[in-house]
Amino acid sequence: MPAGSLMEVKKVGRTVMEAQEIARAISRVAHEIIEHNHGIEGVALVGIRTGGVYLANRLAVKLGEIEGASVPVGALDITLYRDDLDARKEQPTLRRTEIPFDITDRKVILVDDVLFTGRTTRAAMDGLIDFGRPSEIQLAVLVDRGHRQLPIKATYVGKNLPTAIGETVEVYLEEMGRPDGVVILTP
Amino acid sequence: MSTTAAQSLLIRHGLVIDPGRINEQADLLIRDGKIAAVGKDLPATQRVDVLDATGLWVLPGFVDLHVHLREPGFEYQETIQTGTAAAAAGGFTSICCMPNTLPVNDSKSITEFILDRAKSEGLVRVYPIGAITKRSEGKELSEYAELKDAGCVAVSDDGKPVMHGMVMRRALEYARTFDLPVVDHCECLHLSEGGVAHEGLVATELGLHGMPSAAEDVMVARNLELAELTGSKLHLAHLSTAGSTRMVREAKTRGVSVTAEACPHHFMLTEEAVREFNTNAKMNPPLRARRDVEAIRAALKDGTIDAIATDHAPHAVYEKQREFEFAPFGIVGLETALGLSLSLVEEGILTVEEVIRLLTSGPAKAFGLPRGTLAVGSDADIAVVDPVAQWVVDPEQFKSKGRNTPFGGWKLKGRVVKTFVGGKMVYQV
Amino acid sequence: MSLKRKDLLGMADLSVEEIQLILQTADSFKEVSGRDIKKVPTLRGKTVVNLFFEPSTRTRTSFELAAKRLSADVINFAASTSSVVKGETLLDTASNIEAMQADFIVLRHPSPGAPGILARSLRASVVNAGDGSHEHPTQALLDLFTLREKKREFKGLCLVIVGDIAHSRVARSNISALVKLGAEVRVAGPPTMMPRHIEELGVRVFFNLDEALKGADVIMMLRLQIERQGIALFPSIREYSRIYGLTPERLRLAERDVLVMHPGPINRGVEISPEVADSGASVILDQVTNGVAIRMAVLYLLSAGR
């Protein structure tokens, strides 16, 4: 999030998840993934830049701990697949997409921090399919805040969070340089 | 331009400046189109109109040795009517028009056509300049006797320098018979081939083909040597380089019969104006380096340069809205010359008298014209100037058809408020 | 950080930050170009017009590929300057093209400053694909991108540009960018090809190529315009090649890990010997590959804010 709005956070931010709760959510989602896929054979994680990548890495660690085997992890930048580039005053900074494994015939789990309108997920699926033909695409999110604009549903949800449409949900992770936490910002 | 004013006009309380003759608050009486008297407290009789010029300058009308009126042939750029209207608005009462019309003014018939038009539609006096060579091709001399009889005051091939040394020599020699000054645009076309801007840092950065100072200097040198050889009157158009001024200065001290002019853009702008590919800063000679500008200013100060001339060169808007390379050379200048010249006074380079002399008696003498003076008995060609009026150059307000100036938006001080030719008012602000 | 401009006219206009942003963005597009499916939907529905007044198959193809990989529609419009000089003005031509709802006009034109005329008058984004001897910004950017891949740092890099500096837009764009980025830039060539005051741009001038090559990390050879008109800048190709051609012997004067670059198309055996062009030091083909990524980055970054 832009540095300029840090002040706002202090004023009207409301913390709805803290570090421990986030860790528990990740742990639970990891177990659900194993249960759903009968193990981790053929499973790969692809995090959506930026927050989703950190969560994907944490999930991979967790899955490794539980199953004693490693899961491949990739990072997907969906900027080039967005449907709102026209409306923007300036272009978002591009980051690299790094998927160092073949996704064809794998069960790919897209990982994102917040599920909102569903447009990011749509873009991510389009982007992913450019790399090959997964046997299945699943979706894991830390927070589902509702207000979908597309018929998209998460396979795994860390926490369902009722929000108002005008609110903003921010997920902070240690990898970004601040303590874990999920905050709702009210305008 | 026609009339002789029937009645008399008394211009009172102005600061009357005729360099070398008078520079004091005085009255000036015009009668029958002539200057009848200049002095303090002239009586205002009942039959005399009175113009109160308190706080204003009363000057000889300006003389421009270098104007392009474009008629005949390029009436979409300028006509004798619009060009002389622009002159009047700039305080110019006598202008010399270059022969690069279509057809080229190399004959009596074209000269007479121009003078006829000037008489019927012109607002100021027009003095045609005939071509040095037929069709300005640089080969065969035009008929100078006929041109002189028809009314030409000088000969020039204008933008087409006489490249052939022998042709130039013959032109100078032959012109001497008729006491016609030979005016050359000094540019070695081989050295400037393909050039569109001064060969300096800016052209290098912009990737524009350069015109080196040397292209001007070598021709100035040749022309000065030929003027010395022939003893004829040489006039050098629009000097733009330090080298030119150095050589002209040296030639004058040697007694060579040479006069020279400089344009306001060459003492007010450097090559920097070309950045952003500004086609209104494209002229020939090109805007040069800082040191050249300094040299032109010094040459105006010490008399090396005799006259400020505008090289007024109107072009249609679409002609200048081209690639820099393809846009034509030249800018309009009649309506900005005074304000720009006076900024040299503001900058402490020249005195007011020096500027007025460069706009009046300086050019008049170079071509032997009976103009640029307030002597009693001379034609009442007068510019009345408000020396403190500030104004912003707005090309849309020009009387000229041309809008091509790099000075749009400039704030200038000193403005012509009234212009009289032969006692008749031809312009008021 | 974003590119807050409608047009890309030259490297002289760009700040160091803007240059870095374009290079960084091109990293992502290079990744896209390495995929099996080398196409992203980013500029779907946009129209890119390649308006070329000079033939240049490679630059046009590179822009075309860049636009197509971004899913834009591409029109190639080849115009001849001679017809334009006579009749329709450049602005008229371009306005007609814009009236067909072009979003980008990629202009190659022999006249310096021509892209600026369009940029000022048109709504479309204008990308300068080379204007006379003035600038060729995407060439400089792909050169920078290639250097950055191979050498990491621009600061302290010693780079020699060899050839007809006076008539080279590639030289001007690269000088402008590299000096800004802190490289040591040398130019080498005969005085007939050296524009006046070039040293005021922050470069060192060498008339002796061997001297210039000592300590060089990068050698950028310019294409010799054999067909150039007018009074020749050198007496014969043979003599030019002997004095200013890059040979294996000369290459040894430079640093051991020297890179050899060339904007192409190369005149084998004239400015560069075949052995050097095909040697391990040559990154000429990397330049071509990177050109597509750079042009994708430029189109992407300019597509905002209109």
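In helix α7 of chain B, the buried residues are B:A242, B:G243, B:S244, B:T245, B:M247, B:V248 and B:A251. The model is a predicted one, with an ipTM of 0.93 and a pTM of 0.90.

The buried residues of α7(B) pack against four elements of chain B: α6 (213–230), β13 (234–236), β14 (258–262) and α9 (290–302). The helix covers residues 242–254, and its 13 residues should span 18 Å at 1.5 Å a residue; the end C-alpha atoms lie 19 Å apart, which agrees. B:G255, just after α7(B), has a positive phi of about 95°.

Between chains, two pairs touch, and chains A and C have the most contacts of these. Chain A and chain B share no contact, their closest C-alpha atoms being 26 Å apart. For chain C, the mean pLDDT is 92, and 95% of the residues reach 70 or more.

The interface of chain B and chain C is summarised below.

| Item (chains B and C) | Value |
|---|---|
| Residues of chain B in contact with chain C | 17 residues |
| Residues of chain C in contact with chain B | 24 residues |
| Area buried between chain B and chain C | about 1700 Å² |
| Share of that area on carbon and sulfur atoms | 60% |
| Salt bridges | one |
| Residue pairs in polar contact (both at pLDDT 80 or more) | five |

Of the area that chain B buries against chain C, 31% comes from B:T204, B:R322 and B:E323, more than from any other three residues. The salt bridge joins C:R196 to B:E199, with the closest N and O atoms 3.4 Å apart.

Conventions. Residues are numbered from 1 along each chain as its sequence is written. Chains are lettered from A and ligands numbered from 1 in the order in which they are written. This is a predicted model: local features need pLDDT of at least 70, side-chain atom pairs count only at pLDDT 80 or more; totals for chains, interfaces and linings use all residues. Side-chain values use heavy atoms; hydrogens and water are left out. Contact means heavy atoms within 4.5 Å. Helices (H or I, at least four residues) and strands (E, at least two) are DSSP runs, numbered from the N terminus. The expected span of a helix is 1.5 Å times one less than its number of residues. Buried means under 20% relative accessible area, exposed over 50%, partly exposed in between (1.4 Å probe, protein chains only). pLDDT is the predictor's confidence in each residue, from 0 to 100. Buried area is the accessible area (1.4 Å probe) that two parts lose on being put together, summed over both. A salt bridge is a side-chain nitrogen of Lys or Arg within 4 Å of a carboxyl oxygen of Asp or Glu. A polar contact is a pair of N or O atoms within 3.5 Å; within protein, one must be able to donate a hydrogen and the other to accept it, and residues adjacent in sequence count only if both atoms are side-chain atoms.
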